[in-house]
Amino acid sequence: MLIDLAGKSELEFPQDKYDVAVAGSGPAGISLALRLAESGKKVALLEAGGLQFTPQSQAVYQTAEGTDPYFSATRLRFFGGTSNHWAGRCREPEPVDFEERPEAYEESGWPISFAEIKKYLAPAKAILDLESKEFKEKEGTQDLIDSFYPDLELLSPPTRFGVKYLDTLQSSELIDLYVNANVVDIPLKEDLASIDSFAVKTFDNVSGNIQAKNYVIALGAVENARLLLNCDRQIDGGLGNGGGMLGTCFMDHVNVRLGKFIPDKDVWKDGISSMAYYTGDDFIRSAGIGASNVTMGYTAKAESDGRGQAVKKFLVERACNWGLEDQLSNVFQFVCPEEGRLSTLTEQDPHRKNRIYLSDEKDELGLRRVSVDWSLSDFDKKTIKAVAEEFAIQAHRGGVARVKLPEFLFEEDVKLPFYGNGYLVNGHAHHMGATRMAESEKDGVVDPNCRVFGTNNLYVAGSSVFPRGGAHNPTMPLVQLALRLADHLIDDGSLPDQEGLSAEQELLQET
Amino acid sequence: MNRRNFISGALATGFAAAVPVKADSTNQAKKSTKVVYLREGYYTVDGWVVSEKELAQLKESGHVD
């Protein structure tokens, strides 16, 4: 059933109806709600925005003055969430991402095994319209570069969760979908551990409280941390902040324009325009670095786009011939003839300096806006440099390409975002961490079941629980984790069988 | 010979077709060539990754001092 709260003069919610209240209707929230309903659980699914984009709702995501607009512009606040502009690339985590590697990382890693996520792959693929499809290499990629292997990916159509699942949610007898329902507080009962309700407010300034047995926030990495930090009326520092970790260890994947290359014509033939590689496990371990994808893109002719193409073409040809292409790349983007570009999606170290915290500015609903500290750690710089050097050398040895590395790789003071001489270091719109999963509250915000430390019945879904980000796109694993959380809630708090699959999971895999 | 072709041209053609820097009318390019040690057996020349053997060839052909 669909219930639009916009325009209501008062908010009344059913009493004793819901097993679970879920705030957020992005990939995590909808996947969770559907799985719960499949098992007979009654769900209140609350979307803060409406069914369509509105500037008023989107403005709530605006970050505080001084924080890069990147952190608000990369998220969407309406039904379906950020899946509404998702590109659709899916990539699995690797077992190496779950290894304990204290020599590489200062912060704790995943407190659950790779198998715990892997067993939800099949249902996650079905949700993302990828059932019966297997991860495969980008066509044309050749296994010729030591220390790396051809990257594996699946491309979702991409699934727009709002479009795909609206009818299902509307017709469900077990899910009530509320839109224009902003969760602005999470009041606690007298024990200061059990959640009393989600406090809901509309843009008409009408308030009410919705109650359930269990509560889940699935608002995206920035907003999950923001809401918990704002809930400091009863608990100093906000919910789940007993160890001072709330908002910390925020991560993105670092997007680095890593250099250029001259392709070997014996390898780059038959119209091949790109190849994609991934760091091998042995290289990651021996170098003591994070994971990375490296994509090679090649075009055989000078290209420019947009207005004034003729002028650009003239300038590009001169710039390429005179060796000024790096300088001119600051003005507009182009590729010189017979050259390719290297780009990466690189793992970022979870470290406490990268954090989301509250400012004094407030949004229309009264919630304090966030500021974001985001920088490259020494570990990040080490990973980027090691990946670039190793890839350049191995591409040369393997006869794939001649690589030119950018000078900034050898500089100490590289900040985020970095734009220099046509090179770029910024994010991939893959916000992760800030309510990280850990064994104890001294290392994180949620326990291995995604329950917020210090609470009995509040959970977090989404990539904000990732303690590490690997170099895999986050959407598929966050859906897998949402399904795992659903099973935990279906069992009323007891973990699903960790050794094997439950009967339901076996059935899903068979189908 | 232009600036871009100075090193990358030499590498792309396997040195044979690259015009030695002595024939370069814009000889200034040679002076700004930057060689950086990368790791054992590998260097960069103006950012381009080359092996130690190739660096020796570039020096021999006059592309690099």
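Which residues in H1(A) meet which residues in H12(A)? The first close-up below takes that up. This is a predicted model, in which local features need pLDDT of at least 70 and side-chain atom pairs count only at pLDDT 80 or more, while totals for chains, interfaces and linings use all residues. Residues are numbered from 1 along each chain as its sequence is written, with chains lettered from A and ligands numbered from 1 in the order in which they are written.

**View 1. Helices H1 and H12 of chain A cross at roughly 35°.**
H1(A) covers residues 27-38 and H12(A) covers residues 475-490; helices here are DSSP runs of H or I with at least four residues, strands are E runs with at least two, and both are numbered from the N terminus. Their axes come within 8 Å. An axis is a line fitted to C-alpha atoms, for helices over the stretch in contact, and angles run from 0 to 180 degrees between N-to-C directions. The crossing is right-handed, meaning that the near helix is turned clockwise from the far one, whereas anticlockwise by less than a right angle would be left-handed. From H1(A) come Pro27(A), Ala28(A), Ser31(A), Leu32(A), Arg35(A) and Leu36(A), and they meet Thr475(A), Leu478(A), Val479(A), Ala482(A), Leu483(A), Leu485(A), Ala486(A), Leu489(A) and Ile490(A) in H12(A). Sorted by class, that makes 12 nonpolar, two polar and one charged residues. Contact means C-beta atoms, placed from the backbone, within 7 Å. The nonpolar class is Ala, Val, Leu, Ile, Met, Phe, Trp, Tyr, Cys and Pro, the charged one is Asp, Glu, Lys and Arg, and the others, Gly among them, are polar.

**View 2. Strands S17 and S18 of chain A make a hairpin.**
S17(A) (residues 355-362) and S18(A) (residues 368-373) run antiparallel, joined by five bridges; strands count as paired if DSSP finds at least two bridges between them. Lys362(A) sits opposite Arg368(A) of S18(A). Five residues lie between the two strands, and Gly366(A) in the turn has a positive phi of about 95°.

**View 3. Thr63(A) sits in the loop between H2 and H3 of chain A.**
Is Thr63(A) buried or exposed? Thr63(A) is buried, with 21 other C-beta atoms within 10 Å. The cut-offs are 20 or more such atoms within 10 Å for buried, 12 or fewer for exposed, and anything in between for partly exposed, with C-beta atoms placed from the backbone. Leaving aside residues up to four places away in sequence, Thr63(A) touches Phe71(A), Ser72(A), Arg369(A), Val370(A), Ser371(A) and Val372(A). Glu361(A) is 298 residues away along the chain, yet its C-alpha atom is 8.9 Å from that of Thr63(A).

**View 4. Strands S9, S10 and S11 of chain A form an open antiparallel sheet.**
The order is S9-S10-S11. S9 (182-185) and S11 (207-210) are the edge strands of chain A's sheet, each with a single partner, so one side of each has no neighbour in the sheet. Neighbouring strands are turned by 45° against each other on average, direction ignored. S10(A) (residues 198-201) pairs with S11(A) over four bridges, and Val200(A) has Gly208(A) as its bridge partner. Just before this sheet, look for Asn180(A) in the loop between S8 (175-179) and S9 of chain A. Asn180(A) has a positive phi, near 55°, without being a glycine, and is buried, with 26 other C-beta atoms within 10 Å.

**View 5. Strands S4, S7 and S5 of chain A form another open sheet.**
Pairing in the order S4-S7-S5 is antiparallel. S4 (89-90) and S5 (136-137) of chain A stand at the edges with a single partner strand each, so one side of each is left free of a neighbour in the sheet. Two bridges join S5(A) to S7(A), and Glu137(A) is partnered by Leu152(A). In the loop between S7 (152-155) and H6 (161-171) of chain A you'll find Pro158(A). The peptide bond from Pro157(A) to Pro158(A) is cis, with omega near 5°.

**View 6. Asp46(B) lies in the loop between S2 and S3 of chain B.**
Phi of Asp46(B) is positive, near 50°, in a residue other than glycine. Asp46(B) is buried, with 20 other C-beta atoms within 10 Å.

Notes. Contact = placed C-beta atoms within 7 Å.
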